[in-house]
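Please keep the structure open while you read this note, and follow each point in turn. The points begin with a single pair of residues and then widen to the sheet around them.

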Amino acid sequence: MLLSRRQFAVPFPPNSSSRSHASKKKSRRFHGGNQLIPLLESCKSIGQIPQLHALVIKAGQDRNPLVLFKMLRLCSKLSSMDYALRVFETILVPDVYHYTALLEGHVALASPRSAIELYFRMVGEQIRPDAIVIAYVLKACASVLALPDGRQVHCQVLKLDLGRERPIKMRLMELYARCAQFEDAKLVFGETPERDAVAATILVSSLSDHGLLEEARAVFDSVLDKDTVCWTAMIDGYVRNGLANAALDLFREMQRECVRPNEFTVVCILSACSQLGALELGRWVHSYVGKNNVRLNAFVGSALVDMYAKCGSLEEALVVFDEMEEKDVVTYNSMIAGLAMHGRSNEAVKVYEQMVRDGLRPTQLTFVGVLNACSHSGLVDVGFEVFESMAKDYELEPRIEHYGCMVDLLARVGRLEEAYEFAKGMRVEPDHVIWSALLSACKIHGHLSLGEKVAEILIDSEAADSGTFVLLSNVYSSFGKWKEAARIRANMRGKGILKEPGCSSIRVDNEIHEFLLGDIRHPRRKEIYMKLEDLNGVLRQEGFVPAKDVVLQDIEEEEKEWALAIHSERLAICFGLIATEPGTTLRIVKNLRVCSDCHSMIKIIAKVTGRRIVVRDRNRFHHFEDGSCSCGDYW
């Protein structure tokens with residue numbers, strides 16, 4: 001809040017009255033405005049500000065407009081806004097430059113409301129704004145979506161005939177676009193004769209923020225001379241909206257246009273690879289980074305670690321992590337999350353401990369990664385120690401995702417009642433995700449009475465999604481309560497909620513092949529099902545007995561066995577076996593959790609075929625090799 005001149009009463013470096021008039025003259029002679037300005041411009045320490053201010057007062061320059069402007073700029077630059085306000089309130093007749101210096105500091109220090117108030121105070125004192133101060137206040141309005149204030153400023157822009165100033169046009173576009181006033185933003189964009197890349201980038205980014213990708217692309221295509229930043233903004237828009245393939249296509253077009261990507265472009269493309277599980281393309285981007293001298297800083301390195309981990313190659317993620325000279329908290333977070341995702345929980349905890357030893361402060365995301373790691377391997381004691389350290393050591397209030405990890409950790413190890421009490425005692429309201437995790441554990445551990453209690457909570461929840469209803473139905477089915485299961489599914493249909501179908505995909509020769517349960521759409525379906533029959537014979541010879549109890553439909557035993565045999569991940573694996581060279585690693589992505597029967601079956605397939613099979617399901621990665629899985633059958 002700004003001080004009024006009457007409220008202003010602060011201790012300043014004294015202008016000693018005991019000094020002689022001659023002494024004051026001498027001070028002015030040796031410390032005039034021209035000599036003080038270089039001192040003010042070269043100052044780099046907040047602690048020196050009062051000393052310099054004392055020199056200003058002693059030199060009699062405390063009414064010199066230029067010196068006071070430099071003084072305000074110095075305070076703003078060094079984030080000493082309280083002192084800047086005190087200096088400002090001593091100015092008898094502040095001009096637009098003094099206001100600009102103070103307003104600039106508020107904007108730089110993320111105090112946009114104070115900047116807006118200061119601007120309107122300036123206008124109220126009949127001081128004519130110029131293009132620079134208007135650009136600052138428009139930036140402040142955009143940052144807090146202050147549309148009415150921004151419109152007032154726009155009116156003043158028109159009255160003052162400043163509408164042709166390019167910085168103002170950019171800020172007006174940013175204001176209207178961020179406030180979702182896209183017609184107004186496009187009008188301003190259309191008034192920019194050159195339609196330059198900077199203007200397009202602002203509009204493209206804002207349209208992408210609101211999911212308006214077609215409109216963003218139309219703006220992007222309208223610009224003839226697009227720079228790297230403009231290309232990157234459009235690629236980033238596709239990635240953030242889940243259109244990874246479109247992002248990759250645009251990146252290839254960018255290369256054809258001979259526009260050199262920067263590190264931000266590289267990070268966007270690596271994120272697209274992560275979404276698609278496109279490991280080979282991710283490797284190519286990594287090699288591109290090396291060949292084109294894109295600096296492997298913490299920003300790019302973290303994206304590489306994340307990409308390799310999410311694409312199933314944890315070994316390569318670890319190599320990048322170990323080779324990085326510059327690591328920040330994001331780098332450690334990526335590595336911790338990657339290790340947790342791949343079931344390497346103890347290593348994830350060790351990386352967390354190394355991060356703390358390196359003097360980096362953990363964030364909320366750090367603790368999500370570590371607690372997830374503990375949950376995936378049943379590290380209860382370590383999990384509670386880490387959870388309690390959030391508030392005790394780092395003054396971080398646990399969020400719902402941290403509580404969720406703890407409920408999941410207790411539930412997975414069978415401490416169901418304790419997990420239930422923990423959920424009931426949370427400082428935040430448990431969501432359907434937490435209750436669903438507990439319900440799933442009740443199904444696995446056969447705790448019907450608690451399962452029914454949790455089911456009632458979920459049924460009453462308005463936030464329950466399709467997965468929640470399917471889980472409820474499956475829990476009742478697993479206990480032979482077919483009527484209750486049918487009731488849940490009828491309730492689901494009545495609400496218009498559709499079950500998410502199980503889908504598995506495999507990338508072969510840079511093409512993604514998708515399979516649903518019992519899929520017969522693939523061009524090589526005959527070969528796929530022949531391979532499936534061969535594998536079923538091999539599995540029987542190996543003594544494999546289908547876990548028909550996981551089929552939660554009231555059907556005959558023979559039908560249950562066939563229902564298991566045509567799960568989507570089995571069809572994807574069969575295609576991979578016939579479409580790739582012997583010894584090639586198969587990488588499967590499934591949108592749902594791998595069932596226990598398929599998990600047992602894939603272990604045997606990996607053993608008899610000599611293949612390494614990596615499956616990424618909704619929860620984590622499973623690395624099948626030599627008849628075992630990296631999760632140790634705990635998932």
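Which residue in β5 does V614 stand opposite?

1. In this predicted model, V614 stands opposite H623, which belongs to β5. A further pairing between the strands is that of R616, whose bridge partner in β5 is F621.

2. These residue pairs are part of a wider contact, since strand β4, residues 613-616, and strand β5, residues 621-625, pair in the antiparallel sense over 4 bridges. The connection between β4 and β5 is a hairpin, and 4 residues lead from one strand to the other.

3. Strand β4 also has a partner in β3, residues 586-590, to which 4 bridges join it, and here the two strands run parallel. Within this pairing, I588 is found opposite V615 of β4. To get from β3 to β4, the chain passes through helix α33, residues 596-609, and the resulting β-α-β crossover is right-handed.

4. As background for a new reader, the strands of a sheet pair through backbone hydrogen bonds, and this pairing may be either parallel or antiparallel.

5. Taken as a whole, the sheet is open, has 6 strands with mixed pairing, and follows the order β2-β1-β3-β4-β5-β6. Its edge strands are β2, residues 511-516, and β6, residues 628-629, each of which pairs on one side only.

Conventions
Residues are numbered from 1 along each chain as its sequence is written. This is a predicted model: local features need pLDDT of at least 70, side-chain atom pairs count only at pLDDT 80 or more; totals for chains, interfaces and linings use all residues. Side-chain values use heavy atoms; hydrogens and water are left out. Two strands pair if DSSP finds at least two bridges between them. A crossover is right-handed if, with the strands pointing away from the viewer, the path from the first strand over the helix to the second runs clockwise.
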